[in-house]
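Student: I have just opened this model and would like to learn how its descriptions are justified. Could you take me through it step by step?

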Amino acid sequence: MIDPARMDQLQNASVLVVGDVMLDRYFMGDTQRISPEAPVPVVKVAHTEDRAGGAANVARNIAHLDGQATLLGLIGQDTEGELLGDILSREKVRSELMPRPDIRTISKSRIISRHQQMVRLDMEEAFGPEHADALKQRFEKLVGDYDTVIVSDYAKGTLGAVGGIITAARAAGKRVLVDPKSKDFSIYRGATIITPNLTEFRAAGGDDSSDESMLASARAMLSSCGIENMLLTRSEHGMSLITPDEHHHFPAEVLEVSDVTGAGDTVIATLGTMISAGYNLPDAAWLANLAAGIVVGKLGAATVSPEELAARASHVWSSKIAGYHPTVEQSLLHIDYAREQGERIVFTNGCFDILHAGHVRYLAQARALGDRLVVGLNSDASVRRLKGEERPVNCLEDRMEVLAALACVDWVLPFGDNADEHDTPEQLIKRVRPQVLAKGGDYTVDTIVGSDFVQQSGGEVAVIPLLEGRSTTGLITRVRG
């Protein structure tokens, strides 16, 4: 059974990611005409976006799960390298990037119009043995400070000394997880877990014509290459964890596929984080499979938050992993991550003392105004000041638990312990910085607390009508009557 208490230990997971780092650049705009210079569309760029790619995307996935991520890789002494460093800083990833004057930072520029990629420009040069050796020497000085090592191989030359890196990590008593690109898995000898996809598995000589053939060929690879375990990602067939003695098949947990970009990064990042937090290998693999199902439902190289993972785990298995409760500061950080990924944040608030159909319908309508819903919840002291000494009927912890269990609610943040806050969520709204502020009832936009701040920040305010005949006060009256 999955232990929900371990979700609170994710912040203690210490992972060193080493591999090929790159800067992903996006140029987005509309196309309305063909160039007079050549028969190609003209894209009028309206928006640009820079993201961490390759091994850097693995590291940011760990950070977004609250793990302590450090990234070791090679960059050039150039603008792209500086941009990548700035992104990692914002993503709360510790950077151990090694700038070199004789190389350029790997970057991939994508020109996108009307949700269609028009062309991709790759700026890269293969790194030489001298670069790989320098990285290995730096790795040997760092590895002792971490629980787990993730090797993220994109075949750009950074890991030219991967054998020495794995040997050094295992000598230091560390687990090593490898996302491979080489057809020859033997170069990863000594790895604890290797995570190929089906294409990589087949290229290395794997046979997936049947489950029996897959298991047999995978175990033959593990034995001949000196690797302990394999987590094989099998697209719509889910994942298979294969060890010398047992195997576990995890069916795909995908509601709707929007974009598979970076899904492999999410898998190995989640696997490494969970193992470092104390989960056993089968449970960590199961959670990695769930994380992949979440991330492919988002656009671009997205990440997964602990709240999303806990909610999905609780939904597909009644182990009650949803008992995980992040702190307010952790939740605010996760909200920031979601906003940076382009997700639209909706905020609403209330006492929600006895949850009823009116509440549920209202919260679902609020969530429909964006991508993620934050509920500000009055503390017990605040409810007493507003409703009288006999309220609340349910304590804050119980009200939070019930709200968090709703599929439409992503975060529940309490407020109002301090009477100086005047029992309003104004300060919390300023910390959350939602794009949409929703309130139910007979309010007008100008009378909703926080509306000025949200509108001045470029957001919008929505008034949602409540379901008639449904109220906590009415329920209490009927019960007592």
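Tutor: Gladly. This is a predicted model, and in it four strands form an open sheet in the order β3-β2-β8-β9, with mixed pairing.

Student: What makes β3 and β9 the edges of that sheet?

Tutor: β3 (41-54) and β9 (116-123) each have a single partner strand, so one side of each has no neighbour in the sheet. From one strand to the next, the twist averages 20°.

Student: Why is the pairing called mixed?

Tutor: Take the pairs in turn. Strand β2 (residues 21-34) and β3 pair in the antiparallel sense over 13 bridges. β2 and β8, in contrast, run parallel and are joined by seven bridges. β8 and β9 are antiparallel again, over seven bridges. Both senses occur here, and the pairing is described as mixed.

Student: How do you know that β2 and β3 count as a pair?

Tutor: Two strands pair if there are at least two bridges between them, and β2 and β3 have 13. M28 gives you a place to look: its bridge partner in β3 is H47, and in β8 M28 stands opposite I112. I112 in turn stands opposite Q117 in β9.

Student: What links β8 to β9?

Tutor: They form a hairpin with two residues between them, and R114 in the turn has a positive phi of about 55°.

Student: Why is β8 said to be largely enclosed?

Tutor: Six of its seven residues are buried, so the rest of the structure largely encloses β8.

Student: Which helices lie across this sheet?

Tutor: Helix α1 (residues 55-64) lies across β2 and β3, at about 65° to β3. Helix α2 (residues 79-90) lies across β2, β3 and β8 (107-113), at about 105° to β2.

Student: Why are α1 and α7 called oblique to each other?

Tutor: α1 and helix α7 (residues 263-276) pack at an angle of about 50°, with their axes 8 Å apart. Angles under 35 degrees count as roughly parallel and 65 to 115 as roughly perpendicular. The angle of about 50° falls in neither range, and α1 and α7 are therefore oblique. The contact is made by N57, V58, N61 and I62 of α1 with D265, T266, I268, A269 and T273 of α7. The crossing of α1 past α7 is right-handed.

Student: Which residues have the most contacts inside the largest nonpolar core?

Tutor: They are V17, L71, L84, L271, M274 and L309, in a core of 56 residues. Helix α8 (residues 281-295) supplies the largest share, 11 residues. As for M274, beyond its neighbours within four places in sequence, its contacts are M7, L10, L65, Y279, A284, L287 and L309. There is also a second, separate core of 41 residues, including F127, V162, A169 and L198.

Student: Is N349 buried or exposed?

Tutor: N349 has a relative accessible area of 11%. Buried means under 20%, so N349 is buried. This residue lies in strand β16. Not counting residues up to four places away in sequence, N349 touches G376, F415, P425 and K439.

Student: Which sheet has β16 in it?

Tutor: An open sheet of five strands, in the order β18-β17-β16-β19-β20, with parallel pairing.

Student: What makes β18 and β20 the edge strands there?

Tutor: β18 (411-415) and β20 (460-464) each pair on one side only. The twist in this sheet averages 25° from one strand to the next. Within the sheet, strand β17 (residues 372-378) pairs with β18 over five bridges in the parallel sense, and the bridge partner of L377 in β18 is P414.

Student: Which helices lie across β17?

Tutor: Helix α11 (residues 357-367) lies across β16 (345-350), β17, β19 (436-440) and β20, at about 135° to β17. Helix α13 (residues 396-404) lies across β17 and β18, at about 165° to β17.

Student: And what do β14 and β15 form?

Tutor: A hairpin, with four residues between the two strands. Strand β14 (residues 239-242) and strand β15 (residues 247-250) pair in the antiparallel sense over four bridges, and L241 has H248 in β15 as its bridge partner.

Note on methods
Residues numbered from 1 in each chain as written. Predicted model: local features only at pLDDT ≥ 70, side-chain atom pairs only at ≥ 80, totals over all residues. Heavy atoms only, no water. Axes fitted to C-alpha atoms, helices over the stretch in contact; angles between N-to-C directions. Contact = heavy atoms within 4.5 Å. Core = buried A, V, L, I, M, F, W, Y, C linked by side-chain atoms within 4.5 Å. Buried < 20%, exposed > 50% of the residue type's maximum accessible area, 1.4 Å probe, protein only. Parallel < 35°, antiparallel > 145°, perpendicular 65-115°, else oblique. Left-handed = near helix turned anticlockwise from the far one by under 90°.
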